[in-house]
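Hi everyone, thanks for making time. I'd like to walk you through a structure that's new to most of you, so let's put it up on the screen.

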Amino acid sequence: MAGAFVLLAIVFVVRFPASMPVGLRDPEPVKERTAETKPRRVHQTPSAVFEVSETYYRTIIDNNLFRPLGWTPPRPIEPYRLLGTKLATDANTPPQVILQSTAGQTTYIVSIGEKIDASTEVVSIESNR
């Protein structure tokens, strides 16, 4: 008997949807509104604004975000140590310098224009320099 009442209710809902409560009815389709579209104006930035020199990026390179705070670059190790200079007393004697290698403890006595190794050449000799 209960099944008959349920079946009767289903038939009534299907045949007469206007008598259903508002929350149980199918929603009415929404009418679409079409607005007139205007072409979008695109502001173009002059290309000269984006041309940046290397000095602009130097700050970013020097102050890396991933380095710890207070980081300083390591001090380069000097390959040679100055032990002494011998300045010229007359035109016949060239000035000379005595250098010591920091790695191998080798001593060199050289004058201006001589090469100690492939990348090191004596350019000038002054008192204590």
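So, among contacts in the protein chain between residues at least 6 apart in sequence, what percentage join residues at least 24 apart? It's 22%, where contact means heavy atoms within 4.5 Å.

Quick housekeeping. This is a predicted model, in which local features need pLDDT of at least 70 and side-chain atom pairs count only at pLDDT 80 or more, while totals for chains, interfaces and linings use all residues. Residues are numbered from 1 along each chain as its sequence is written, and side-chain values use heavy atoms, with hydrogens and water left out.

Okay, the overall layout. We've got two helices and five strands in the protein chain, and from the N terminus on they run α-α-β-β-β-β-β. Helices here are DSSP runs of H or I with at least four residues, strands are runs of E with at least two, and both are numbered from the N terminus. Of the 129 residues in the chain, 9% are buried. Buried means under 20% relative accessible area, exposed means over 50%, and partly exposed is in between, using a 1.4 Å probe and protein chains only. The accessible surface comes to about 12,600 Å², and 58% of that belongs to carbon and sulfur atoms. Those areas come from the Shrake-Rupley method with a 1.4 Å probe, and for residues only the protein chains shown count as cover.

Now the sheet. What order do its three strands take? This open sheet goes S1-S2-S3, with antiparallel pairing. S1 (80-86) and S3 are at the edges with a single partner strand each, so each has one side without a neighbour in the sheet. From one strand to the next, the twist averages 25°; axes are lines fitted to C-alpha atoms, for helices over the stretch in contact, and angles run from 0 to 180 degrees between N-to-C directions.

Let's take the pairs in turn. S1 and S2, which is residues 96-101, pair over six bridges; two strands pair if DSSP finds at least two bridges between them. Lys86 has Gln96 as its bridge partner in S2, and Thr85 stands opposite Val97 there. On the other side, S2 and S3 pair over five bridges. Gln96 has Ser111 as its partner in S3, and Gln100 has Thr107. The hairpin of S2 and S3 has five residues between the strands, and there Gln105 takes a positive phi near 60°.

Stay on S3 for a second, residues 107-111, and find Ile109. Is Ile109 buried or exposed? Ile109 is exposed, because its relative accessible area is 56%. Leaving aside neighbours within four places in sequence, Ile109 is in contact with Gln96, Val97, Ile98 and Glu114. The C-alpha atoms of Ile109 and Thr85 are 9.3 Å apart, with their positions 24 residues apart along the chain.

Thr85 comes up again with Glu126, which is found in the segment after strand S5 (120-121). Beyond four places in sequence, Glu126 is in contact with Thr85 and Leu87. Glu126 and Leu87 are 39 residues apart along the chain, yet their C-alpha atoms are separated by 7.4 Å. Glu126 counts as partly exposed, because its relative accessibility is 42%.

Last stop, the surface. Which residues make the nonpolar patch of about 510 Å²? They're Val52, Tyr56, Tyr57, Ile60 and Ile61. Val52 sits in the loop between helix H1 (2-15) and helix H2 (54-62), and Val52 is partly exposed at 36%.

Note on methods:
Patches are made of residues with over 30% relative accessible area and no salt bridge: like charges are joined within 9 Å, nonpolar side chains (Val, Leu, Ile, Met, Phe, Trp, Tyr) within 5 Å. A salt bridge is a side-chain nitrogen of Lys or Arg within 4 Å of a carboxyl oxygen of Asp or Glu.
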